[in-house]
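Grab a pencil and work through a few short exercises on helix packing and internal space. Try each task yourself before reading its solution.

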Amino acid sequence: VILYLAEDSAMENIVTEKKAEESHRQDSADLLVFILLLTLTILTIWLFKHRRFRFLHETGLAMIYGLLVGVVLRYAIHVPSDMNNVTLSCNVNASPATLLVNVSGKFYEYTLKGEISANDVDDIQDNEMLRKVTFDPEVFFNILLPPIIFHAGYSLKQRHFFRNLGSILAYAFVGTVVSCFIIGLFMYGCVMLMKQIGHMGGDFFFTDCLFFGAIVSATDPVTVLAIFNELQVDADLYALLFGESVLNDAVAVVLSSSIVAYQPEGDNTHTFEAMAMLKSFGIFLGVFSGSFALGVATGVVTALISFNFTKLRDFPLLETALFFLMSWSTFLLAEACGFTGVVAVLFCGMTQAHYTFNNLSPESQDRTKQLFELLNFLAENFIFSYMGLTLFTFHNHVFNPIFIVGAFLAVFLGRAANIYPLSFLLNLGRRNKISSNFQHMMMFAGLRGAMTFALSIRDTATYARQMMFSTTLLVVFFTVWICGGGTTQMLSCQKIRVGVDTDQETSVSIGPDGVERRSTKHESAWFFRIWYNFDHNYLKPILTHSGPPLNATLPACCGPLARCLTSPQAYENEEQLKDSDSDLILNDGDITLSYGDVTVSTDAAGAHTSGTPVGGVAVNSDEALDRELAFGDHELVIRGTRLVLPMDDSEPPLPLDSHRHRHKNETMS
């Protein structure tokens, strides 16, 4: 008997090892499928860029390839079913997450994988294969989303972002909340209609409709922005779209979690209760502000570590590794503390771009930029490939025509309620108005993408969440393919100018003599001017090697403290401009232009004054200003800081070139 048991145990171990080896091979094959998808996407992207095709973005390509692979896995590959080792009945009153089974005195642990419909019982092996290519939703939140969100904050162009900060905040906060409630109310009407005609197969409450409104209000115009960047569309339009998409992703995440936290007292948890609503609103404010503070604090700590306490600049590899780990840990720390990692890592990226980046060695600056750009590219294309795959590999799809049509109409109405009324109100106080063609473009560019998908796939346990997930996939497909593919045509239709240098500080206008003149585009926001003064004079010298030494900005009584907090590099670089934000402040009263021996300045009223050249010949101020802004390199003296801005002599406008040639001919003659 003992010999028989030993042989039986040995055979069982061999079978277990074979199953483990087969599972390992299957997992490797599944990952290989995604690697090949990304490889094929990259090669096709190269072909599109080489041929200059703009009707389909790389994310749309990734989705198409994912769809094709999903069709093959679902309908072309079948694993032979072995029902001999399957027990079809087990009397258990609940579905525990872990099940311990006693087989002849041996205990085996089984983990719950999900519900299987009665029609799929005979296809368990196929279901197992499809389930293995379906990732845990936490993979998206903890691994794929952090580099995408961090890169958005780390690569943010602060100049145009802060110039339009008020409008961006209005679109991201007020607009997202308005869109959420418009979509939620419209979808609740659709749900009521579905219940009346008997097309509802489960519970669907008003809070579910609001949750759907929150997740589809997260815009991700990656396709549009890529085309904008390639065509060099107007910098303000780019900043408005990019800034809104970056912040409203964070708002949508916190808003959806606040809606889930809505819990009225009593037996019916889906009735309206003022106290429960106020509690959800408090949760929204608390989670967002806490996540914001945590992200900024982590960025400041990273800046201090790279600034005062270590000499990591001497070891670029270690410096880059620490920067990477600190950035990623911000997301996980926020999630572990009950906050939102998306908000935390976004503001961590913005803080590190503003402070920590200045302390990094040149090698680490290049490495961190390239590293997060690469991770963002791979993660984003992986998610879009996976979207196409899940359309066929996800088992619990619920497609309802009424809900789908209602969702498309609701998304359109919610986007319109976000853009047009807010733009009208913002234009009442903006000097640089948001034109109607910009508004139409922003309306058209409200694509849904990675964040909407990640929020919808995170919970698909109930009938309502399954219907939301299936509908969300269709919304993402439509907006990426149709709206993203029609971006170039929409730009032409709205007559939005392209080929504009996004770093250009001046706008071009035609003077009465037919010659192009350049002038500063518009002033910076008053709030940002106040913040800039405080940041430039106090925070930058403490956290970085940039900015003026503290003994030049603090009172004389604080001299010892100033010398203690200011780095030696700050004294060495005192005459050099290392502040990346000094070009943001372009107020008429603060600008002095030097052209040769002529000094041209503007006062607060906008009147130009000019100095007299050495030769004693007076020069008209307007002519000197035009000459200065039109030709060659010029210098802006901004609050004592000298900034050299090179002007490209090969700019495309013909009138300027002709004026330039005429000027040269006159000089030669």
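The model shown is predicted, and four exercises on it follow.

**Exercise 1.** Work out how helix H6 and helix H14 are oriented to each other, and which class of residue makes up their contact.

*Solution.* Start with the general recipe: two packed helices are described by the angle between their axes and the distance between the axes. Here H6 covers residues 165-196 and H14 covers residues 401-427; their axes come within 8 Å and cross at roughly 150°. Next, compare that angle with the cut-off: angles over 145 degrees count as roughly antiparallel. H6 and H14 are therefore roughly antiparallel to each other. For the handedness, H6 passes H14 in a right-handed crossing. Last, sort the residues of the H6 contact with H14: 23 are nonpolar, eight are polar and one is charged.

**Exercise 2.** Do the same for helix H4 and helix H16, and name the residues that touch.

*Solution.* First the geometry: H4 (residues 137-154) packs against H16 (residues 450-457) at an angle of about 160°, and the axes are 10 Å apart. The cut-off for roughly antiparallel is again over 145 degrees, so H4 is roughly antiparallel to H16. This crossing of H4 and H16 is left-handed. Now list the partners: H4 brings Pro137, Phe140, Phe141, Leu145 and Ile149, while H16 brings Met451, Phe453, Ala454, Leu455 and Ile457. Sorting the residues of this contact gives 10 nonpolar, with no polar and no charged ones.

**Exercise 3.** Decide which orientation word fits helix H8 and helix H18, then describe their contact.

*Solution.* The axes of H8 (residues 222-231) and H18 (residues 487-494) come within 10 Å and cross at roughly 60°. Check the cut-offs: under 35 degrees would be roughly parallel, and 65 to 115 would be roughly perpendicular. The angle of roughly 60° fits neither range, so H8 and H18 are oblique to each other. H8 passes H18 in a right-handed crossing. On the H8 side you'll find Val224, Ile227, Phe228 and Leu231, which meet Thr487, Thr488 and Leu491 in H18. The class count for the contact of H8 with H18 is five nonpolar, two polar and no charged residues.

**Exercise 4.** Find out how many cavities the structure holds, and describe the lining of the second largest one.

*Solution.* Begin with the count: searching the whole structure turns up four cavities of 30 Å³ or more. The second largest cavity contains about 50 Å³ of space. Its lining consists of Thr302, Ile305, Ser306, Leu312, Glu319, Leu322, Phe323, Thr356 and Leu360. Now map these onto elements: helix H10 (274-309) and helix H11 (316-336) are the ones that give two or more residues to this lining. Finish with the classes: the lining has five nonpolar, three polar and one charged residues.

Definitions and conventions. Residues numbered from 1 in each chain as written. Predicted model: local features only at pLDDT ≥ 70, side-chain atom pairs only at ≥ 80, totals over all residues. Heavy atoms only, no water. 1 Å grid on protein atoms, 1.4 Å probe; cavity = no way out; pocket = protein on both sides within 12 Å on 5 of 7 lines; lining within 4 Å. Points joined across faces, edges and corners; volume = space filled by probe spheres on them. Helix = DSSP H or I, 4+ residues; strand = E, 2+ residues; numbered from the N terminus. Nonpolar A, V, L, I, M, F, W, Y, C, P; charged D, E, K, R; others polar. Axes fitted to C-alpha atoms, helices over the stretch in contact; angles between N-to-C directions. Left-handed = near helix turned anticlockwise from the far one by under 90°. Contact = heavy atoms within 4.5 Å.
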